[in-house]
Amino acid sequence: DPSPDPSPDPSPDPSPDPSPDPSSNSDDTSVGGLSGGGLKFNGMNVVITGGTSGVGFEAGKILSAGGASVIITGRDRTRASLKATQISDTTIGMALDNLNGSSIRSFAHDLTAHLNGAGGDGGGG
């Protein structure tokens, strides 16, 4: 029955820090202190409800920087469109009030039309 070695290993751990400094990696999709860790989202279409502020807005930045086609929503179409331009030139802002059935139906119609027709590629850009 082997007993554990009571003496500690005096050498430091040679393994790299598991959380690298985002400012030192130019390929990182770091946005507003958040980091996508260099993740790539090419070919993904993403709809973020409540994307005009907070976590949704920051997620939109990271996903867009990683190559995703991003659509953000907000209750006010003008604000959603303005915030979308702050994320990227290809991000789209659309009106959606999650508590209003008419707004949900209108959003679904507009989204379907956009994905099936706008730009001809269905990619949201």
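# A tour of the predicted model

Read from the start of the sequence to its end, the protein runs through the pattern β-α-β-α-β-α, and a cartoon view should accordingly show three helices and three strands. The model is a predicted one, and every value given along the way is computed from it. With the whole chain still selected, it may help to keep in mind that 32% of the 125 residues count as buried, and that the accessible surface comes to about 8,100 Å², with 54% of that area belonging to carbon and sulfur atoms. Among contacts between residues at least 6 apart in sequence, 41% join residues at least 24 apart.

**Stop 1: the largest nonpolar core**

Select Phe41, Val46, Ile48, Phe57, Ile62, Leu63, Ala68, Val70, Ile72, Ala84 and Ile87, and display their side chains; these eleven residues make up the largest nonpolar core. Strand E1 (45-48), helix H1 (54-65), strand E2 (69-74) and helix H2 each supply at least two residues of this core, and H1 gives the most, with three. Another core, of five residues, lies apart from the one just selected, and Ile71, Met94, Leu96 and Leu111 are among its members.

**Stop 2: Val46 in strand E1**

From the larger set, keep Val46, a core residue that is found in strand E1. Its relative accessible area is 14%, so Val46 is buried. Leaving aside residues up to four places away in sequence, Val46 touches Leu63, Ala68, Ser69, Val70 and Ile71. For a distance to draw in the viewer, take the C-alpha atoms of Val46 and Ser64, which are 9.1 Å apart in space and 18 residues apart in sequence.

**Stop 3: helix H1**

Now select H1 as a whole and compare its length with expectation: at 1.5 Å a residue its twelve residues should span 16 Å, and the C-alpha atoms at its two ends are 17 Å apart, which agrees. Colouring by accessibility should pick out Gly56, Phe57, Glu58, Gly60, Ile62, Leu63 and Ser64 as the buried residues of this helix, and the elements against which these buried residues pack are E1, E2 and H2. After the helix, move on to Gly67, whose phi is positive, near 105°.

**Stop 4: the salt bridges**

How many salt bridges does a search of the whole structure find? The search finds two, and one of them is within H1, where Glu58 pairs with Lys61, their closest N and O atoms being 3.4 Å apart. The two residues are three apart in this helix, about one turn. Glu58 counts as buried because its relative accessibility is 18%, whereas Lys61, with a relative accessible area of 21%, is partly exposed.

For the other pair, select Arg77 and Asp110, whose side chains meet in a salt bridge at 3.6 Å, N to O. Arg77 lies in helix H2 and Asp110 in helix H3 (residues 101-117), so this pair ties together parts that are 33 residues apart in sequence. Arg77 is partly exposed, at a relative accessible area of 43%, and Asp110 is also partly exposed, at 26%.

**Stop 5: Lys83 and Thr52**

Stay with helix H2 (residues 77-87) and select Lys83, which is found there. Which side chain of opposite charge is nearest to Lys83, and how far away is it? It is that of Glu58, at 8.0 Å, and Lys83 is buried yet has no salt bridge. In general, side chains of opposite charge can pair when their charged atoms come close; for a salt bridge to be counted, the nitrogen must be within 4 Å of a carboxyl oxygen. What surrounds Lys83, once residues up to four places away in sequence are set aside, is a group of contacts with Thr52, Phe57 and Ile72.

Finish by selecting Thr52, in the loop between E1 and H1. Thr52 counts as buried because its relative accessibility is 11%. Beyond residues up to four places away in sequence, Thr52 touches Phe57, Ile72, Thr73, Gly74, Arg79, Ala80 and Lys83. Showing this set of neighbours brings the view back to Phe57 and Ile72, which are both members of the largest nonpolar core and both in contact with Lys83.

Note on methods. Residues are numbered from 1 along each chain as its sequence is written. This is a predicted model: local features need pLDDT of at least 70, side-chain atom pairs count only at pLDDT 80 or more; totals for chains, interfaces and linings use all residues. Side-chain values use heavy atoms; hydrogens and water are left out. Helices (H or I, at least four residues) and strands (E, at least two) are DSSP runs, numbered from the N terminus. Buried means under 20% relative accessible area, exposed over 50%, partly exposed in between (1.4 Å probe, protein chains only). Lys and Arg count as positive and Asp and Glu as negative; His and the chain ends are not counted. Contact means heavy atoms within 4.5 Å. A nonpolar core is a set of buried Ala, Val, Leu, Ile, Met, Phe, Trp, Tyr and Cys residues joined through side-chain atoms within 4.5 Å. Accessible areas come from the Shrake-Rupley method with a 1.4 Å probe; for residues, only the protein chains shown count as cover. The expected span of a helix is 1.5 Å times one less than its number of residues.
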